[in-house]
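This briefing sets out the main features of the structure shown below, grouped by topic. It begins with the aromatic side chains and then turns to the core, the overall fold and one selected lysine.

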Amino acid sequence: MEIKIGDKVLTLNTKLIVTKNIKIRMKKSFNTILQNIANMDIEDYINLLYCGIDSKEMSFDEFETLVYENIGIMELYEIVTNFIKQLQYPGLSIEEIDKKLEEKNLQAQKLNHQI
């Protein structure tokens, strides 16, 4: 997944290994992150995104400065949301992922009505 922040285009890894990086860096499982994504603070979002960056490409301090100096809160949230989606379904477009998530939500609603 590529993101553009300022004049830099960064590639974020969206393979399963990133969930391990998240657990190590943030000391929370990926599932816990998913459950609390809307309640996380800016620093958590930056840490989360950094888990997908190859540390040889950019240090955390460089990345943090790049984010703070170039994007707003809602843009950061949108990047994080898309990153989370790509971690769940690597290789699919955001539109394809949204369609899959919508289908899963409809299936869950049907199940709830049957119970």
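Three aromatic pairs are present in this structure, which is a predicted model. Tyr-50, Phe-60 and Phe-63 together make up one aromatic cluster. The points below describe pairs within this group and then widen to the rest of the protein.

**Aromatic pairs**

- A pair of aromatic rings is described by two quantities, the distance of the centres and the angle of the planes.
- Tyr-50 and Phe-60 pair edge-to-face, with 5.4 Å from centre to centre and 80° between the planes.
- This pair joins distant parts of the chain, since Tyr-50 belongs to helix 3 and Phe-60 to helix 4, ten residues apart.
- Tyr-50 has a relative accessibility of 9% and therefore counts as buried.
- Phe-60 is likewise buried, its relative accessible area being 18%, which falls under the 20% limit for that class.
- The ring centres of Tyr-50 and Phe-63 lie 5.9 Å apart and the planes meet at 40°, so this pair is classed as tilted.
- Tyr-50 in helix 3 and Phe-63 in helix 4 are 13 residues apart, and their pair also links distant parts of the chain.
- Phe-63 counts as buried because its relative accessibility is 0%.

**A charge over a ring**

- Phe-60 has a further partner in Arg-25, whose charged end sits over the Phe-60 ring at 4.4 Å from the ring centre.

**Nonpolar core**

- The largest nonpolar core comprises 30 residues, and those with the most contacts inside it are Ile-22, Leu-48 and Phe-63.
- At least two residues of this core come from each of strand 1 (2–5), helix 1 (17–26), helix 2 (30–36), helix 3 (42–50), helix 4 (60–70) and helix 5 (73–88).
- Helix 5 supplies the largest share of the core, six residues.
- Which residues does Ile-22 contact, leaving aside its neighbours within four places in sequence? They are Lys-27, Lys-28, Phe-30, Ile-33, Leu-48, Cys-51 and Leu-87.
- Leu-48 thus appears both among the contacts of Ile-22 and among the residues with the most contacts inside the core.

**Overall fold**

- The protein contains six helices and two strands, and along the sequence they follow the pattern β-β-α-α-α-α-α-α.
- Along the principal axes, the C-alpha atoms fill a box of roughly 50 × 30 × 25 Å.
- Of the 115 residues, 35% count as buried.
- Among contacts with a separation of 6 or more, 56% are between residues 24 or more positions apart.
- The exposed surface of the protein is about 7600 Å², and carbon and sulfur atoms supply 50% of it.

**Lys-100 in helix 6**

- Lys-100 is located in helix 6, which spans residues 94–114.
- Is Lys-100 buried or partly exposed? Its relative accessibility is 36%, so Lys-100 counts as partly exposed.
- Leaving aside neighbours within four places in sequence, Lys-100 is in contact with Tyr-89 and Leu-92.
- Lys-100 and Ile-84 are separated by 16 residues in sequence and by 14 Å in space, C-alpha to C-alpha.

Technical notes
Residues numbered from 1 in each chain as written. Predicted model: local features only at pLDDT ≥ 70, side-chain atom pairs only at ≥ 80, totals over all residues. Heavy atoms only, no water. Core = buried A, V, L, I, M, F, W, Y, C linked by side-chain atoms within 4.5 Å. Buried < 20%, exposed > 50% of the residue type's maximum accessible area, 1.4 Å probe, protein only. Helix = DSSP H or I, 4+ residues; strand = E, 2+ residues; numbered from the N terminus. Contact = heavy atoms within 4.5 Å. Phe/Tyr/Trp six-rings, centres within 6.5 Å; stacked < 30°, edge-to-face > 60°. Lys NZ or Arg CZ within 6 Å of the ring centre and 35° of its normal. Areas by Shrake-Rupley, 256 points an atom, 1.4 Å probe, with all protein chains shown as cover.
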